[in-house]
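Me: Could you take me through this structure by way of questions, each answered with its reasoning and closing on the value or name that was asked for?

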Amino acid sequence: MTRGVVQLVPITKGSESAAREPEISRSAHAADRVESAYVHHHEWVFYLAMRYGGGDQAWAEDVTQDVFIQLLREFERGTEIHNPRGWLSRTTTNRCITKLRRARFLEAPGVRTLLGIRARQPATPEELGIVDQDLALVARVLRDASPKERASFYLHHIDHISLREIGETIGHTKGYVSKLIARVEARIQQARAKEGEHG
Amino acid sequence: MADFDERPLQALDARFRSKRISSAGRERILSHLRRAADADRGRPTRRLILGAAVACGLACIFSGMAWLRMTNAPAPVTASLPEPWSLDPSCDVDMAAAERPRLRSGCQMAVENEPTHTQLRIRVWETAELSERTHGLSVHSGAVTFDVEPVLQPGAPPIEVGVPFGLIEVLGTRFAVDAMGSGGHVVLYEGKIRFTHTSGQVRMLEPGERLSWTPAEIVAQPDVARRGNEDAPVDVDVHDTTTSVPKPSAKRRLKRSDPDAQTDTMLEEVSALRRSGKLREALELLESLERRHRGRTREVLSFERGLLLEQVDPDTACDHWHRHSERFGTGRYSDAVQRRIAECSTLRPE
């Protein structure tokens, strides 16, 4: 199985992966540049959004749009982005965390009562057509995990990014990131143990 | 973390990865990006226009300020003013218009009025624009205090001080004029003046009274003068006083151990009595007050009493000026007192 390794680097810092990716022409107009970036990277951004959004396609499309709009603004400001894939990964992750946190806030009982609205719940594994028991269990635990726990967990176990880099992305220390990942792992273990007892 | 089984997670991730963005969604995002780019394309132009407008506005403001500065800029100061101006060397004069000198605050000068051979001494408190007139001066703007020598020539016309929308006629007096384009006011410290408004209204002023005017008319009733300068009326020199007579209750509240407060109250009473024309009562009160004080305060009170005496009993006033001169010698009012003694000698040869 192939692993999609993402390097999260600061905007102005070049990286090895940047050399492999089609360099966005600096001289091109911002609109052309962002369109070019969109053509090359929209599937990647959409995939990351799907991951953090628990498979909600409409939600992922919204995130994709927001991320490329932000890229357009960066180009207009004249920001040099040497590693578009890294920038997009980082921006998408942060955008997803922000959106998920907002959704959780709106889902809080007090806010729900006050505003009279209801945040959209992520799809259940069953709704996503996940029939495998263990897969459904992991999906359920991740759906209930906090945005930062979810992001840290994916970045660590799927993208294999170091704890330090994850900490830089989500704005926490390496130790706290480790704690977030350990919490999700413990919940999955507990759920498996509970499933075993019932099974 | 090390022995965590990643396989189900990877399988779940592979599911997500296999999902493709819908073609409708892809097109929607792309068209949205194009719209956003088009909208932003106009933004720099708008910013440019706004920036240009702001720059133009600032340029207009600065050029306006520069123009104002040029028009108000003081021309080189000349060594002397044309006759009959006699200038204090320390006086900062703006000779922008030779016929209408602009005198800065703090400037003191003497002006000789040739027809009457009378000297007008002036002190400028706020930048003033002055000009000559046949029998005096005109104050076009600014705040100026006048000290005018008595006109001793029999039948000589009075000294005139022109102000916007009015004329002040004086005969041996001390007063302050605050003139501006929209009117002004005059405060009389000693002597007597007559204010004639361009509308035809005429008002006589007594010492301690104040009169205000506008382009249309005289608006304020005479009031007690209050100025905090050395040319201010006597009662202000001793302690700052208010224009109103204190209420009896307030007077009763004063403690005997507070002589300053008592003096203030009595001076206020003197002012009130003068305003109401009860000069003898004012004189008695001032005399009792004078006995309580020593030094400079006593000198000031004595001078003030002399001014009151001139109005009540001119003969007694002459004796008073002699006594004042013997007691205080070269005090701050020596010049004025000597003038009065000389005047007494002229009118009442011994």
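Reply: Helices (H or I, at least four residues) and strands (E, at least two) are DSSP runs, numbered from the N terminus. This is a predicted model, in which local features need pLDDT of at least 70 and side-chain atom pairs count only at pLDDT 80 or more, whereas totals for chains, interfaces and linings use all residues. Residues are numbered from 1 along each chain as its sequence is written, chains are lettered from A and ligands numbered from 1 in the order in which they are written, and side-chain values use heavy atoms, with hydrogens and water left out.

Me: How far apart in sequence are R73(A) and E76(A), whose side chains meet in a salt bridge?
Reply: A salt bridge here is a side-chain nitrogen of Lys or Arg within 4 Å of a carboxyl oxygen of Asp or Glu, and for R73(A) and E76(A) the N to O distance is 3.7 Å. R73(A), at a relative accessible area of 26%, is partly exposed, and E76(A), at 35%, is partly exposed (buried means under 20% relative accessible area, exposed over 50%, partly exposed in between, with a 1.4 Å probe and protein chains only). Both residues belong to helix 3 (residues 57-77) of chain A, where about one helical turn separates them because their spacing is 3 residues.

Me: Is E169(B), the salt-bridge partner of R194(B), buried or exposed?
Reply: The closest N and O atoms of R194(B) and E169(B) are 2.8 Å apart. The bridge links distant parts of the chain, from strand 11 (residues 193-197) to strand 8 (residues 166-170) of chain B, 25 residues apart. R194(B) is partly exposed at 37%, whereas E169(B), with a relative accessible area of 16%, is buried.

Me: Which residues are linked with E287(B) in a network of salt bridges?
Reply: E287(B) forms a salt bridge with R305(B), with 4.0 Å between the closest N and O atoms. E287(B) lies in helix 6 (residues 279-292) and R305(B) in helix 7 (residues 295-312) of chain B, so the pair ties together parts that are 18 residues apart in sequence. E287(B) is partly exposed at 34%, while R305(B) is buried at 11%. The network joins E287(B) with E290(B), R305(B) and R327(B).

Me: Where in chain B is confidence lowest?
Reply: Chain B averages a pLDDT (the predictor's confidence in each residue, from 0 to 100) of 72, and 73% of the residues score at least 70. Over residues 222-257 of chain B the pLDDT is below 50, although this stretch has 87 contacts (heavy atoms within 4.5 Å) beyond near neighbours in sequence. Strand 11 of chain B has the highest confidence, at 87, and the lowest, at a mean of 34, belongs to helix 3 (residues 234-238) of chain B.

Me: What area is buried between chain B and chain A?
Reply: In this model, which scores ipTM 0.73 and pTM 0.41, 30 residues of chain B are in contact with 48 residues of chain A. Buried area is the accessible area (1.4 Å probe) that two parts lose on being put together, summed over both. Carbon and sulfur atoms give 63% of the area buried between the two chains, which is about 3,700 Å².

Me: Which element of chain B gives the largest share of the side that touches chain A?
Reply: Across the interface of chain B and chain A there are 4 salt bridges, and D62(A) and R28(B) meet in a salt bridge at 4.0 Å, N to O. Helix 1 (7-18) and helix 2 (23-72) of chain B each supply at least two residues of the side that touches chain A. The largest share, 13 residues, comes from helix 2 of chain B.

Me: In which loop does F165(B) lie?
Reply: F165(B) is not a glycine, yet its phi is positive, at about 70°. With a relative accessible area of 29%, F165(B) is partly exposed. Its place in chain B is the loop between strand 7 (159-163) and strand 8.
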